[in-house]
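Thanks for making time this morning. I would like to walk you through a few local features, so please have a look at the sequence and the model first.

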Amino acid sequence: MPILRPGDLPTHGDPCRWPWLQQLRRSDSVPLEPWLLALERGELVLDRDLVAALADRLDASAQLRLLRRWLAGAAPDPDLPALIGSHRHPATAAWLLDQLAQGPSALQGHLAEASAAALLPLLGHQRCRQAWPVLLSWLQAPLPHALRLSALEGLAVGLPAWPRGPLAHCLLGLASGLDARLAAPAVDLLARLPGARRHLLPLARRPLDPGVERRLRRRLAATPAQPLLLVVHGRAGGEIPDDVLDLALTLEQRRGSPVRIQALSAAAPPEPGELLRPACGLTLVPLLLLPGGHVRHDLPAIVRHWGGLTAVRHLPFLGSWPSWQQALRRELQALAAAAAPQPPLLLHHPLEGALAGRFLLQLERALACRCLATPYSALQLAELALSLTAPALPLALASNRLTDRLSSRVGAPLLQRVGLRSQLLDALEALP
């Protein structure tokens, strides 16, 4: 095989150039250094076809040399950085951070707009966590559209590396913004995040550009909700309170997928019916507020029953959800602000065991309240009604003996409180 030297490279337009570069790309014996030197000295033009032939053998040092040569050029080709820096290297990431870390103020110094637009996606491609605030500074600045779109492309190519919460918040802001050219790809990126429905659904309640709204509908249609089974305590004989029935009906309409209820007090589970869909699975949500016997013993049996029929995604009991506890805390704070300056009470069914004790202590800390075990006997409830001086909230989703007998002192059950019902509906709607 003849030695392939930089000076022998056929010029553009020569029919021999393409097979010559193919031979260069495939050859393992050609030393790289002469080619790098020829490019740095300007003896060869930094062309796409030549860089593509050399790209697979570029180590970190060679990448940096060519990127510096590219940046020093009079009119840098914006497509070349992606070819040069196709391999991830810490040294390449550090150089890119050095060029871009000043944010948009770098445009007043060493960087031209076209160069910055070419380097931003490459910085995202490196997937180093230090790139997140840098890309964000370019994306959120009042810059020409092309630069902001390049920063968004940087987020896209490095998507798994960024902090999930701030990333979703950023993309939601872009998706509901006025610039549809950024909003549309932001919707696509939200659809790529794990649990995409919970990120996309808030957009459905915001005013959007018509084209972005159509894209959002397509993305939501591509992530259909699984059938949902809500496990509740129920009243005697398996009766399901109206508040729970209304919750399930509203939820089914919002999810566009079957929602059914299983009461622990019922003699048998509901008929599978529409809950069993081919290759769809089932999401099982225990709408139970405390880790009592139902959670510890009955719930595993229910999961086993449905697991024998389909794939079951089993969520923790509702009372342990941080988002639910935050909503309860807000409700208690509102009660405390409107009543005497005493810590509010959370009235709950009596529990036994060390696990229950630990959970109630954690709940008191999380909600800034005092938990009070409340037996449901008529005599004890009557005595409690006379002794209550602090504001109190019944820990009951729907009406039961506690809320029935103490309605004048503790108010409505939780599903009849607008903030709590809305929070629960939003959380359940966003489930896969």
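What follows is a short account of two backbone positions and one pair of helices, and please keep in mind throughout that this is a predicted model.

Let me begin with the backbone. As general background, most residues other than glycine have a negative phi. Against that background, I would point you to R127, which is not a glycine and yet has a positive phi of about 55°. R127 sits in the loop that links helix 7, residues 113-126, to helix 8, residues 131-139, and at 38% relative accessibility R127 counts as partly exposed, because that value falls between the 20% and 50% cut-offs.

The second position is A368, where phi is again positive, near 55°, in a residue other than glycine. A368 belongs to the loop between helix 17, residues 354-367, and strand 6, residues 370-373, and with a relative accessible area of 42% A368 is partly exposed.

Now to the helices. The axes of helix 16, residues 322-337, and helix 21, residues 418-429, come within 9 Å and cross at roughly 170°, which means that helix 16 runs roughly antiparallel to helix 21. On the side of helix 16, the contact is made by S323, W324, A327, L328, R330 and E331, while helix 21 contributes L420, Q423 and L424. Sorted by class, this contact of helix 16 with helix 21 comprises five nonpolar, two polar and two charged residues.

That is where I will stop, and I am glad to take questions.

Notes: Residues numbered from 1 in each chain as written. Predicted model: local features only at pLDDT ≥ 70, side-chain atom pairs only at ≥ 80, totals over all residues. Heavy atoms only, no water. Helix = DSSP H or I, 4+ residues; strand = E, 2+ residues; numbered from the N terminus. Buried < 20%, exposed > 50% of the residue type's maximum accessible area, 1.4 Å probe, protein only. Axes fitted to C-alpha atoms, helices over the stretch in contact; angles between N-to-C directions. Parallel < 35°, antiparallel > 145°, perpendicular 65-115°, else oblique. Contact = heavy atoms within 4.5 Å. Nonpolar A, V, L, I, M, F, W, Y, C, P; charged D, E, K, R; others polar.
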